[in-house]
Every structure is written in C-alpha cells, then in structure tokens.
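I opened this entry to keep track of what I looked up, in the order I looked it up. The interface comes before the folds of the chains.

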Amino acid sequence: MVTRTVKVASTSGLHARPATIVSQAAAAADVTINIGLPGQEPVDASSILLLMTLGAEHGAQVVLSAEGDGAQEAVDKLAELIETNLDDPAVAS
Amino acid sequence: MTATQLQGVGVGRLAVVGPVIQVAPLPEVADDAVVERDGVALSADQIRTVVDEAFPAVAADLQQQAADATGTVADVLAATAAIASDPALRGETLKRIDAGTAPIAAINGAVEMFARIFTQAGGLLAERVTDLHSVRDRLVAKVMGLPESSAPSLDEPVVVVAVDLAPADTAALDLDKVLAIVTELGGPTGHTAIIAGQLGLPCVVQVPGATKIAEGTVVAVDAATGGITVNPDDELVKEIDARAAAQVEFAADTSPGATSDGHKVDLLANIGTGDDAERLKDSAVEGVGLFRTEVLFLDRTSAPTIEEQSRAYAQALRALGGRKVVVRTLDAGADKPLAFATLPDEENPALGVRGYRTVRAHPDLMATQLDALAGAAQETGVDPWVMAPMIATPAEAREFVALARARGLKTVGVMVEVPAAALQARALLSEVDFVSLGTNDLAQYTMATDRLRGELSDLLDPWQPAVLQLVASTARTGKELGKPVGVCGESASDPYLALVLTGMGVTSLSMSVSAVPAVRYALRRHDLPTCQRLAELALAATSAPEARERVRDAVEPAVLTALG
C-alpha cells in the first residue's frame, strides 16, 4: 500500500470548490484513493460528501493511501492537487 | 376585503404586485412504501436495480438543468448534481437495502446520516443540507415512479410562495413568469435568495404564514421593507408601480455619476477580491473606491506571498481596464484579527494595534504588500491609487506616502476614520494626494460606540450631526486644496445621504455595487445648489432622525416615491 501525508493548501480547506475538484480527480483515477486525518479512519476521496465531512481546514495534514497498479502515481497526482491553493483565482482559471 | 400584512426578511430593494401561486412540497412518501410498476410490486432484486439506477439518472437530470441555466443557478445545480452522483451516498443506501431495509427508508437513512453531520458542522456545510434534501426528494420520486418536481406550469406572471424552495425547484420554474419569490423558511444569504438576486426578482424569506395565502390572491411584495401586503389598496399598488417603473429606468441608466447640472461625482464599488473585480467588468461604475485587501489575508496561518498578492492585484487592475482602483493596505485587528499580524489579548482592540499601526510590529507585511502592488502596476501598466487605513496623525501619513512613493506608486492617500485625522484635515491633506472617509469607523470613534454592539446602533447612525460635521470640514478642506475627498462606507450607499455628501464637496462615493443605481438616480434628479442646501439642512439638525427627516422633506418628491 502506498501512503503519503500532505498539507491542505486551499484557503477554504477541503470544502466547496476545492472539495469538488479533489473528489472529481479521485474519481477519475484508476485506483480507489482513500483520504483521512492522521490516526483516523480514512474515507473514499472520490466522495465529495465524505471529503467535506473530514473538516480538513487550510494547513491541516491529510493522509492519502491507495493500493494496486498505478497507486503511487495516483496518490502523487492527488497530493499535488491538495498542495495547491485551489481557491486562488489564478490557479482555478 | 381588508389588507393584511405579513412580515419577513427582504432581499434587495425591489417591489412588485401580483397574484399568488403556492408551490406545495412533494407529497411525503412513507418509509415502508411499496415500490411498484404498473400496479405490480417489484421483487427485491428489481428494487435494488431501480434504486441503483436512480442515482445516475437524477444526477444526469440535474446536470442537464445546469447546462440549460447560467450563472449562480447553473453553479448551484451542478453542486446538487455532484451530491446525486456521490459514490458514498449511493453505497450507503445500497448497503442499507442489502441489509433488508425498505428502499425509501434506506434513501432517507443515508441522506439523514450526512445531513446530521453537515448540520452539526454548521456554517457552509449546514447550507448544503437543502441540496441533500433536494436530491433525496428526486431519488424517492424516481424510485416510486412519481413526478420529480412540484413546480406548476405558469400561465401568467405570479408571485411564487413556498415553505422553502430548493435551488433545483427554483430552476424548474418558468422564470420569465415569476414576479417574486416568498418563502416561509430560508435565509437572506441562502441559495434561493442568491438566485432571486441574480435574476433581479424581489424576494422575501422567513415570512410566517405565507403558505396560508389562498392561490390567486393579489399581494404586494416589498423586498425593501420585507413586507407582504395581502389585497393591497389602490394607493399602495400605485406607489409600487411607480417604484417599479423608476427601477427599470435607473437599472438601464449607465451614465457616469453626476448631478442634474453636470457636477461630476465618481460612483465606485467596494470589493474584496480579484474575482469581485471581474464581476464589475460590465457594471456601470467608474471604478473601485475600496479594495479591501485583508480578504486575501483572512483565515490563513501565514501571510500570502508577494506573488500571490501581486496576482490578485493585477487581476483587479486588468479587470477594470484602466478605470480607477483604490487599493487599501491591510486593515487587520479589531473585528478582523489575523493570526500572524494581530497582537493577542489586546484589552481594547478597536483602539489598539490595527490598520496602519500594524506597521509598528510588522513592517515586513506593509513592505511586501506595497511591493506586490507596485509589481502589479508594472505588469498591467495601470496605476492604482493606494491608501492606508486608520491614520491618526499627519506624521503617519507622511511615513506611508514615503513608503509608497519609494516603490514608484504615484497616487497615494490615507483614510480618514479617526476624528483626530478629520480635525487635522489641512495638515493631513498637504501630505497626500487624496483622502477617503471611512464613515463606519469615523462614526464608531466619534460617537465612542462599538460597531459590534447592536443595541447602540442609534448612536452609530451615519446621519449623526457630529459625524456629518467632521465629514463636511474634511470635504471643505479638500476643495480648498484641490484634492479629492471620497467617502467609502455605509453613508455613500444611502441615496439621500449621497446628496448631502455631494453638497458638502465629496468627490467620489464608494459602495456595494448593488447600491449604485439608486444613488445615481437620486444624484441625477438634483442640481449642485440643491445638494448644498440639503447639506446645510442636515448640518443644522441636532439629531440623526431630525437630519434625515429634514433632508427627506426637501428632496424631489418623485425621488422619494421611487426609492421609498
């Protein structure tokens, strides 16, 4: 299993717009990616509802994990997205 | 028939008269309802398939609605579609069905599980509960084979009344036939209110008893007061018709701000982000009179980088395409604390290290911000105006001007919000290129009244003669020295006070963009000598209500009718 810990860069945390972008990216991946707060039960990152219930604010650490072929690549791609400020208008446009 | 009055919370200033149509909520479907097709109950396997397929079908319907809509309506529908296609919601529902739960109970249970978490979390998440329930209603209808919307087809223009309207229900209405929206629930910042605002419809929410009004009854809906008058008399109908006609007129008026005799007054918008500036592209404003840059800094653990700031400032300068943009440097402290700039445990934060004073503890924040703004100016070729908040002395103004000029920023000013600055207007104005009066804080400090204390709001009335005196003397000094004196703050958005300020010699008025048309309309119907007389009337009053009454009695009667 591949795991990676990253910091949420979006100003509003994983809510609203950033949550939509992250869940869509996770849904598009070939493997199931889980996301959770350190030490807590992870959830399916492709679910916008579960993602928002994490309550991960700006600056929070989240743990990504996935298994199987392409897991490393999928986790790295999602990590990069979470480490980007998706609320920044220049990034979004 | 006698006129009865219902009271709610109005959104905007529009008003209209029309017949009521009630939009009933979808009939409740019992948790143990039997799912059948053509009168035959479905087997367990068939039920599982029907439920499983309902999710993508509802999502597709919503996506189609979103594609047919524009702006906020489209955004809200797309967000609702995302919930319908959520794998966790679908998985949770099917898990319950596989465990033997009846299909409708399974859908309700899964939706309520998320609704509960969202409600507990509060804030933004709590607002999504309406969307969750809207998805649930559509799923249930799809599974039961029932119609998915209770939105009636509309034959004539009507006032739509409902307990609450989910965005998807609002979007399903034939919006060309909707005169106004009235709901018993909902909030002034909720989705329905936002959509009504975008569509330019009068909207009143939180009106107890609204769904008791019989269909076809004529009502007057006044968003300016939040009042719903059932069976309005001829006089009220005439007044509202006159207002509606005037509103059409001033919404269409895009001429620059000026009095009837051609005295120019810049009408400007207050913004907080680069995105706000983008939305102003097609607005008839002469620019931005207050760019509150602290919005970039809020809810963060560290200051935004110079690149991040520069990008936001450049976006605003570019969006306004050479129109005037007044950027205010960081106004942290008091009601806007920042983790990295505000001193903890100040006993009196409104009187503490806030506004320009932050430079004493964090000179780097100011330096970075001015560097970022200078970078944005260079990149876009547009020269912004820049001003510092909470200046108390001419020495502070001189210091700020030196910092800004050292970076090549050409037009540098300060805000007048502290009575000391207004009293020293001459010395202050000789240091700077312009000043802008922040009337909300000026009232707070002049009247020694906390802005956050609702029960003292009468003391904070922008019509308080003491505050008006300080504004007048600052404006007079600006005129003598030939330097612009603007007003940004609540005062500027009150059309009657805008006339008074213009009469005092204020050269620009900055307000929320929605307030501009009414102010433009009031200005265009008065000449400068009249505005000067109105200013004298207000200044001669001994109380805020008296100042307001004197001015209202002396304005053009047509303006009073149009603005209410």
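**Interface.** I began with the area buried between chain A and chain B, which comes to about 1,400 Å², with carbon and sulfur atoms giving 71% of it. I note that the model is a predicted one. I chose this value because the size of an interface is often given as the accessible area lost when the parts come together. I then looked up the residues in contact: 15 of chain A meet 20 of chain B.

How many salt bridges are there between chain A and chain B? The count is zero. For polar contacts across the interface of chain A and chain B, the rule finds three residue pairs, with both residues at pLDDT 80 or more. On the side of chain A that touches chain B, helix 2 (48-53) and helix 4 (89-92) of chain A each supply at least two residues. Helix 2 of chain A gives the largest share of that side, five residues.

**Chain B overall.** I looked up the secondary structure of chain B and found 24 helices and 18 strands. The C-alpha trace of chain B spans about 90 × 60 × 45 Å along its principal axes. Of the 564 residues in chain B, 51% are buried. Among contacts in chain B with a separation of 6 or more, I find that 66% are between residues 24 or more positions apart.

**Cores.** Which residues touch the most other members of the largest nonpolar core? My list reads B:Phe400, B:Trp463, B:Val500, B:Met504 and B:Leu509, in a core of 96 residues. I also noted a second, separate core of 69 residues, which includes A:Val6, A:Ala26, A:Ala79 and B:Val58.

I followed B:Trp463 further, leaving aside its neighbours within four places in sequence. Its contacts include B:Leu468, B:Asp494, B:Tyr496, B:Leu497 and B:Val500. B:Trp463 is also in contact with B:Ala538, B:Ala544, B:Ala547, B:Arg548 and B:Val551.

**Helix 23 of chain B.** Those contacts led me to helix 23 (residues 544-554) of chain B, where the buried residues are B:Ala544, B:Ala547 and B:Val551. Seen down the axis of helix 23 of chain B, the buried residues fall within an arc of 65 degrees, so they line one face of the helix. On the other side of this helix, B:Pro545 and B:Asp553 are exposed.

What covers the buried residues of helix 23 of chain B? I found that the cover includes helix 18 (465-481), helix 20 (495-504) and helix 22 (528-540) of chain B. At the start of helix 23 of chain B, I noted that a side-chain oxygen of B:Ser543 comes within 3.2 Å of the backbone nitrogen of B:Glu546.

**Backbone check.** Most residues other than glycine have a negative phi, so I looked for exceptions.

B:Asp38, not a glycine, has a positive phi of about 50 degrees. B:Asp38 sits in the loop between strand 4 (36-37) and strand 5 (40-41) of chain B. Is B:Asp38 buried or exposed? At 83% relative accessibility, B:Asp38 counts as exposed, because the cut-off for exposed is over 50%.

B:Gln206 is likewise not a glycine and has a positive phi of about 55 degrees. I place B:Gln206 in the loop between strand 8 (203-205) and strand 9 (218-222) of chain B. With 36% relative accessibility, B:Gln206 counts as partly exposed.

Note on methods: Residues are numbered from 1 along each chain as its sequence is written. Chains are lettered from A and ligands numbered from 1 in the order in which they are written. This is a predicted model: local features need pLDDT of at least 70, side-chain atom pairs count only at pLDDT 80 or more; totals for chains, interfaces and linings use all residues. Side-chain values use heavy atoms; hydrogens and water are left out. A nonpolar core is a set of buried Ala, Val, Leu, Ile, Met, Phe, Trp, Tyr and Cys residues joined through side-chain atoms within 4.5 Å. Buried means under 20% relative accessible area, exposed over 50%, partly exposed in between (1.4 Å probe, protein chains only). Contact means heavy atoms within 4.5 Å. Helices (H or I, at least four residues) and strands (E, at least two) are DSSP runs, numbered from the N terminus. The arc is that of the directions from the helix axis to the C-beta atoms. A polar contact is a pair of N or O atoms within 3.5 Å; within protein, one must be able to donate a hydrogen and the other to accept it, and residues adjacent in sequence count only if both atoms are side-chain atoms. Buried area is the accessible area (1.4 Å probe) that two parts lose on being put together, summed over both. A salt bridge is a side-chain nitrogen of Lys or Arg within 4 Å of a carboxyl oxygen of Asp or Glu.
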